[in-house]
Amino acid sequence: MDISTAQHALKQYFGYDRFRPMQEDIIANVLSKQDTVVLMPTGGGKSICYQIPGIISHGTAIVISPLIALMKDQVESLKANGVPAAFINSSQNYVEQREIEEDLIHERLKLLYISPEKLLAPQFLDFLCRLHISFIAIDEAHCISQWGHDFRPEYTQLASLRLRFPDISFIALTATADKATRNDIARQLNMKDPRMYISSFDRPNLSLRVEAGQKRIEKIIHFLRDRPNQSGIVYCLSRKNTESLAKKLRAAGHNAMYYHAGMPAAERSRVQESFIKDDIPIICATIAFGMGIDKPNVRWVIHYNLPKNLEGYYQEIGRAGRDSLPSDTLLFYTFADVMQLREMVGDSGQSQLQLSKLERMQQYAETRTCRRRILLSYFGESLGKDCGNCDVCRNPPELFDGTVIAQKAMSAIIRSSREMNKSLSAGMLIDLLRGSRRIDLVRAGFDQIKTYGAGKDISYDHWQLYLQQMLNLGLVEIAYDQHNTFRVTETGKNILLGKNPVNFAKLSQFKATPSTKTPT
Ligand code: ADP
Ligand code: ZN
């Protein structure tokens with residue numbers, strides 16, 4: 001099977017003339033029966049990466065998706081384009097399911113969408129094993145990983161699929177996964193030497209801005225004054241808040257509605273439709289709003305509250321400016337939100353991870369370095385320069401040459417791992433740099449490392465803020481899957497080797513809220 005067959009199918013079934021840059025490589029990899037991991041932002045065109053191979057391969061492709069509503073939409077639009085596709089899930093009655101099974105037996109379907117629960121029901125799995133399956137696609141694959149931000153226990157059972165389908169290749173797709181999550185997806189699915197395709201997450205047309213959360217309503221009204229009749233979304237943490245905010249905006253003369261998961265389904269789809277049709281420009285919503293909405297001209301997104309993590313934040317602001325035209329985002333940051341989110345994390349088995357992710361979110365809000373660099377480095381991408389389209393770039397802080405400070409910290413990280421075979425958490429690293437007599441450090445022999453005490457002249461709190469900048473600039477990264485320890489990135493290594501200098505923001509310009517970070 002070659003790529004020109006794929007190209008032909010793209011034109012025939014979707015009416016498009018050419019693939020987007022990464023789609024072609026991904027499709028070629030799937031067609032060659034290799035395992036594939038795809039990380040592409042929402043709207044990037046992931047579906048075609050498995051739909052086209054499904055259409056042109058022999059047999060039926062299985063598409064696993066947790067979102068029953070989206071499944072139905074996708075299948076309907078495929079059918080409308082002439083692609084024999086179906087979905088099967090618990091919402092259907094016996095007769096409907098029987099009919100689909102009949103179609104599958106006679107190889108009348110190219111794509112079968114299915115929920116993980118249905119797929120893993122033992123009888124159905126036995127049935128599928130007797131069919132001719134071309135490959136298995138796992139959509140929203142971050143749900144399989146506990147390092148992801150939307151872990152779903154029913155997804156973990158997909159790990160057993162490889163045993164049942166040893167000769168069939170997998171393609172896992174997601175729009176949100178940091179490095180630990182990506183690797184975990186491949187591991188959980190027992191992928192064989194998978195190729196990873198990571199498309200750029202950069203959305204240069206989105207401006208980024210953070211403001212203090214005091215007098216939010218006034219600030220929003222002021223923001224709207226410059227943007228008459230533009231479409232936008234205000235994300236709030238609570239359902240009640242969406243309602244009261246919409247009311248206040250209406251009182252101020254704006255055509256705003258609210259949306260949350262507590263509303264009747266009919267009411268929800270009515271609001272969503274009005275937004276898509278531009279009848280109502282402003283929606284105050286919880287994060288339940290926006291999934292699967294393909295509206296190109298959303299001009300702005302406001303976060304009334306701090307999101308739980310950068311994955312969610314990036315997905316939500318990503319709903320603006322799909323048409324590539326300049327669009328604005330504004331995040332309100334209050335300490336009260338941080339406290340509330342910390343409480344919500346509670347004592348779940350995931351709490352440590354969620355707290356680390358919340359801390360990164362908070363660092364993003366507090367940073368004095370280019371915000372886009374932080375976002376991209378969080379997703380494992382390096383921008384290499386400041387973006388010029390965030391509030392920090394527009395109003396830059398005073399900088400100084402931080403190369404030597406950065407080198408000390410990175411040298412300590414690398415020496416500990418090389419000489420002591422130990423990875424360092426933030427607290428350990430700072431204590432080592434400051435030459436602390438902490439008993440566990442000394443006992444483990446860290447005081448023998450050359451960089452021990454090399455950062456004595458800098459206080460503990462300042463080290464925290466410098467490490468935060470190094471993290472934000474992408475010189476180091478945190479391995480959530482290894483007790484939140486530090487690793488030096490390629491960008492960092494170049495600075496350590498003296499190839500590039502690095503600038504830090506002067507600390508006098510940081511908002512001091514160190515009380516939130518407990519040294520460990
Ligand atoms: P994702 O699943 O990554 O969020 P979709 O698969 O829904 O993205 O694709 C987003 C939009 O881009 C859809 O409207 C889709 O039809 C369109 N699209 C995908 N691939 C192409 C292409 N090669 N040329 C033009 N449009 C495309
Ligand atoms: Zn910037």
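Student: What kind of unit do β13, helix α14 and β14 make?

Tutor: A right-handed β-α-β unit, with α14 covering residues 310–317. Helices here are DSSP runs of H or I with at least four residues, strands are E runs with at least two, and both are numbered from the N terminus. By the way, this is a predicted model: local features need pLDDT of at least 70, side-chain atom pairs count only at pLDDT 80 or more, while totals for chains, interfaces and linings use all residues. Residues are numbered from 1 along each chain as its sequence is written, with chains lettered from A and ligands numbered from 1 in the order in which they are written.

Student: Why is a crossover called right-handed?

Tutor: Point the strands away from you: a crossover is right-handed if the path from the first strand over the helix to the second then runs clockwise. β13, α14 and β14 make a unit of that hand.

Student: How do you know that β13 and β14 pair, and in which sense?

Tutor: Pairing takes at least two bridges found by DSSP between two strands. Strand β13 (residues 298–303) and β14 have four, so they pair, in the parallel sense. Among the matched residues, I302 stands opposite L330 in β14, and W300 has D328 as its bridge partner.

Student: Which other strands join β14?

Tutor: β8 (residues 206–207) does, running parallel to β14 with two bridges, and L206 stands opposite S327 there. β9 (residues 210–212) pairs with β14 over three bridges, also in the parallel sense, with E211 matched to F332. Meanwhile β13 has another partner in β10 (residues 231–235), parallel over five bridges, where V234 is matched to I302.

Student: What makes H303 buried or exposed?

Tutor: Count the other C-beta atoms (placed from the backbone) within 10 Å of its own: 20 or more is buried, 12 or fewer is exposed, and in between is partly exposed. H303 has 25, so it is buried. H303 sits in strand β13, and five of the six residues of β13 are buried, so that strand is largely enclosed by the rest of the structure. β14 (residues 327–333) is mostly covered too, with six of its seven residues buried.

Student: What does H303 touch?

Tutor: Leaving out residues up to four places away in sequence, H303 touches Y235, Y313, E316, L331 and F332. Contact means that the two C-beta atoms, again placed from the backbone, lie within 7 Å. As for C236, it is 67 residues from H303 along the chain, and their C-alpha atoms are separated by 6.5 Å.

Student: Why is helix α20 described as largely enclosed?

Tutor: Because seven of the eight residues of α20 (residues 426–433) are buried, including M428 and D431. The cover over those buried residues includes α19 (403–419), α21 (439–443), α22 (460–472) and β17 (485–488). After α20 comes G435, with a positive phi near 65°.

Student: Which residues come nearest to ligand 1?

Tutor: Y16, G44, G45, K46 and S47, out of 13 around ligand 1. A residue is near a molecule if its C-beta atom, placed from the backbone, lies within 6 Å of it.

Student: What is the confidence across the chain?

Tutor: The mean pLDDT (the predictor's confidence in each residue, from 0 to 100) is 90, and 97% of residues reach 70 or more. Over residues 509–520, though, the pLDDT is below 50, and this stretch has 19 contacts in the model beyond near neighbours in sequence. For the complex, the predictor gives an ipTM of 0.97 and a pTM of 0.70.
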